[in-house]
Amino acid sequence: MSHWIFRRALQALSVIVAMSVIVFVAVSVIGNPVDLLISPSADLAERTRVVAGLGLDQPLWRQYFNFLRGITEGNFGRSFVYNEPSLKLILQRFPATFELAVAALLIAVVIGIPLGLYAGLRPEAKVSRIVMATSIVGFSLPTFWVGIMLIMIFSVQLGWLPTTGRGATVAVLGVEWSFFTADGLRHLLMPALNLALFKLSLVLRLTRAAVQETLPMDFIKFARAQGLSPARVVWVHVLKNIMIPIVTVIGLELGSTIAFAVVTESVFAWPGMGKLIIDSINTLDRPVIVAYLMVIVVLFTAINLIVDLLYTLLDPRVRLEAQG
Amino acid sequence: MNAPESLAALAPDESSIGRFWREFASSRFAVGGLAVFCIIVLAALFAPWITPQNPYDLMQLDIVDGRLPPGSASAAGYTYWLGTDEQGRDMLSAMIYGLRISLGVGIGSAIVAGIVGTGLGLIAAYFGGRTDAAIMRLVDLQLSFPSILVALMILAAVGKGVMNVVLALVIVEWAYYARTARGTALVERRREYIEAAESLALPKWRTVFLHLLPNCLPPLIVIASFQVARAIALEATLSFLGLGVPVTEPSLGLLIANGFQYMLSGKYWISLYPGIALLVTIVCINIVGDQLRDVLNPRARK
């Protein structure tokens with residue numbers, strides 16, 4: 001067992017190393033950032049000085065090893081644009097993105113599970129059909145367009161909600177959060193709803209499918225035969241059994257919600273990591289691009305590893321297969 | 001939906017295409033989706049003949065006509081049914097031309113990714129062993145990262161451009177085909193006809209591509225239809241973020257992005273109508289895909 005965990009962790013590490021090579025080489029192929037940073041009127045001597053200052057004059061493999069050495073020291077190089085350590089820039093913006101992603105998943109769960117339960121318990125009801133049809137639209141609608149429509153309706157037409165930024169924030173545990181102020185929540189509502197839409201459809205469909213799978217099972221029949229109230233059967237017996245796959249999926253989706261926040265943050269000018277990466281790609285700010293991609297790679301590899309390990313602990317069949 | 005199927009089984013002289021169509025047409029919803037999709041494709045194909053204006057021809061644009069609301073009359077005398085954008089482009093014309101880019105990129109990338117992914121998936125299933133392990137490890141790695149990130153990474157590396165977007169979409173999509181092709185092929189390769197082909201000592205490529213492939217196609221067609229919709233949505237998203245197609249060839253996504261900055265001043269039409277066109281296209285493809293899945297999936301048949 002510990003042997004397997006070790007092997008799996010090693011595998012995750014090799015994925016990270018492989019991705020670091022891919023990311024670094026890929027990003028180093030793009031246009032020369034020097035052209036963007038130095039005014040065309042600069043003379044050759046100044047150019048050479050700046051190039052050397054950024055370490056761009058060295059061969060690619062040496063740049064990569066410098067970069068690797070930097071990573072181990074938590075140093076991804078300074079942003080060409082902000083002239084600050086790029087990892088610091090990203091981590092500074094991480095709370096905003098994290099807050100948005102968690103709020104979105106919260107909305108998805110709070111709305112998605114009850115609706116999914118209802119649709120699963122009463123598949124023929126009109127409301128269920130409408131809910132299911134709407135969830136298909138939720139899958140089809142591109143996130144950015146929904147965001148634009150939300151702004152058009154709730155900000156431009158009705159004037160209810162602000163369109164950009166995080167609003168007032170308050171420091172908790174040394175980090176600024178919008179979650180704890182009324183103004184911050186007003187700013188958070190639309191972006192979170194926007195980001196939640198796709199996950200909402202997913203949670204809803206998953207819950208419905210799980211309910212429909214659970215209902216014909218023997219233990220539900222026995223629970224009913226025991227004379228338990230229908231409410232108790234649903235809320236205790238059904239819900240308990242469907243929560244395992246749903247919680248797993250929600251955990252897995254946290255990573256992709258953070259990734260897809262790129263789109264929502266761009267629409268609502270939410271000052272998170274996603275907006276930073278788009279701005280950085282547009283200004284060819286290489287250290288920030290590389291650092292962002294590496295942070296995401298590590299995040300995803302870690303999430304995948306944890307889920308794999310949890311499965312192994314929970315399900316003996318997976319464990320046997322891993323050993324065999 | 002399933003009622004006519006037992007009858008179809010009793011009518012052996014009916015051609016398979018006829019039968020397929022009848023099963024497909026059992027849902028009026030799906031036929032409607034297909035019809036709208038066909039109209040959209042035809043409009044995109046014949047754009048130069050049906051649009052009132054060529055939005056790429058600067059000579060035909062009049063900056064004085066910029067940002068006119070829908071239904072305004074142009075200086076040249078015709079009506080801008082859906083209004084104009086900031087450069088005085090007729091939105092309807094710009095949308096139909098934008099559809100060409102969106103559909104071209106979506107369908108083109110789905111075809112290339114389909115060929116690459118299916119090929120690799122079949123090879124993995126047929127040869128097994130290390131080849132299989134290597135290819136599937138790559139698929140797993142690819143699928144563990146969200147599509148938007150992979151596309152971002154690639155476009156950050158190669159820059160904007162229509163062909164670059166196609167490349168990014170192909171890299172995002174191929175793994176889905178590979179996984180499906182492998183799964184289907186693993187089942188099919190145990191069948192007798194493969195054994196027969198092998199016992200004839202046909203070249204391996206013949207067995208794989210002429211015997212195995214045709215029998216793996218149905219689920220791949222279903223995947224392809226959904227992937228076209230996904231690709232169109234992803235392309236629009238990337239263009240909206242400013243990482244997709246260049247300004248000179250605006251797709252629907254870029255048209256929406258251009259209109260976004262005027263949204264706050266109440267000029268909704270520049271974003272709204274391309275968005276609706278995008279939406280209708282994606283929903284129609286998904287409806288068709290849904291029905292294809294029901295018709296082609298033998299397990300869904302009762």
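This is a short tour of chain B and of the side it turns toward chain A. Keep in mind that the model is predicted.

**Stop 1: chain B as a whole**

Select chain B and colour by secondary structure. You should find 12 helices and two strands. Walking along the sequence, the order is α-α-α-α-β-β-α-α-α-α-α-α-α-α. Now colour by burial: of the 302 residues in chain B, 45% are buried. If you like contact maps, take the contacts between residues at least 6 apart in sequence; 67% of those link residues at least 24 apart.

**Stop 2: H8 against H10**

Next, pick residues 162–188 of chain B, which is H8(B), and add H10(B), residues 204–240. Their axes come within 9 Å and cross at roughly 155 degrees. An angle over 145 degrees counts as roughly antiparallel, and these two helices are therefore roughly antiparallel to each other. The crossing is right-handed.

Turn on side chains here. On the H8(B) side, the residues meeting H10(B) include Val165(B), Leu169(B), Val172(B), Tyr176(B) and Tyr177(B). Across from them, the H10(B) set includes Leu212(B), Cys216(B), Pro219(B), Leu220(B) and Ile223(B). What classes of residue make up this contact? There are 15 nonpolar, four polar and three charged ones. Glu173(B) and Glu188(B) of H8(B) take part, as does Glu235(B) of H10(B).

**Stop 3: H11**

Move on to residues 252–263 of chain B, helix H11(B). This helix has 12 residues and spans 16 Å from first C-alpha to last, close to the 16 Å expected at 1.5 Å a residue. Is H11(B) largely enclosed or largely open? Because 10 of its 12 residues are buried, H11(B) is largely enclosed by the rest of the structure. Among the buried ones are Leu252(B), Leu254(B), Leu255(B), Ile256(B), Phe260(B) and Met263(B), along with Gly253(B) and Gly259(B).

To see what surrounds them, show H5 (91–127), H10 and H12 of chain B, then H7 (143–157) of chain A. The buried residues of H11(B) pack against each of these helices, including the one from the other chain.

**Stop 4: the side facing chain A**

That leads to the interface. Select the 31 residues of chain B in contact with 33 residues of chain A. Helices H7 (147–158), H10, H11 and H12 (269–296) of chain B each supply at least two residues to this side. Which helix gives the largest share? H12(B) does, with seven residues. Finally, colour the chain B side by class: 23 residues are nonpolar, eight are polar and none is charged.

Terms used
Residues are numbered from 1 along each chain as its sequence is written. Chains are lettered from A and ligands numbered from 1 in the order in which they are written. This is a predicted model: local features need pLDDT of at least 70, side-chain atom pairs count only at pLDDT 80 or more; totals for chains, interfaces and linings use all residues. Two residues are in contact if their C-beta atoms, placed from the backbone, lie within 7 Å. Helices (H or I, at least four residues) and strands (E, at least two) are DSSP runs, numbered from the N terminus. Ala, Val, Leu, Ile, Met, Phe, Trp, Tyr, Cys and Pro count as nonpolar, Asp, Glu, Lys and Arg as charged, and the others, Gly among them, as polar. Axes are lines fitted to C-alpha atoms, for helices over the stretch in contact, and angles run from 0 to 180 degrees between N-to-C directions. Angles under 35 degrees count as roughly parallel, over 145 as roughly antiparallel, 65 to 115 as roughly perpendicular and the rest as oblique. A crossing is left-handed if the near helix is turned anticlockwise from the far one by less than a right angle, and right-handed if clockwise. The expected span of a helix is 1.5 Å times one less than its number of residues. A residue is buried if 20 or more other C-beta atoms lie within 10 Å of its own, exposed if 12 or fewer, and partly exposed in between; C-beta atoms are placed from the backbone.
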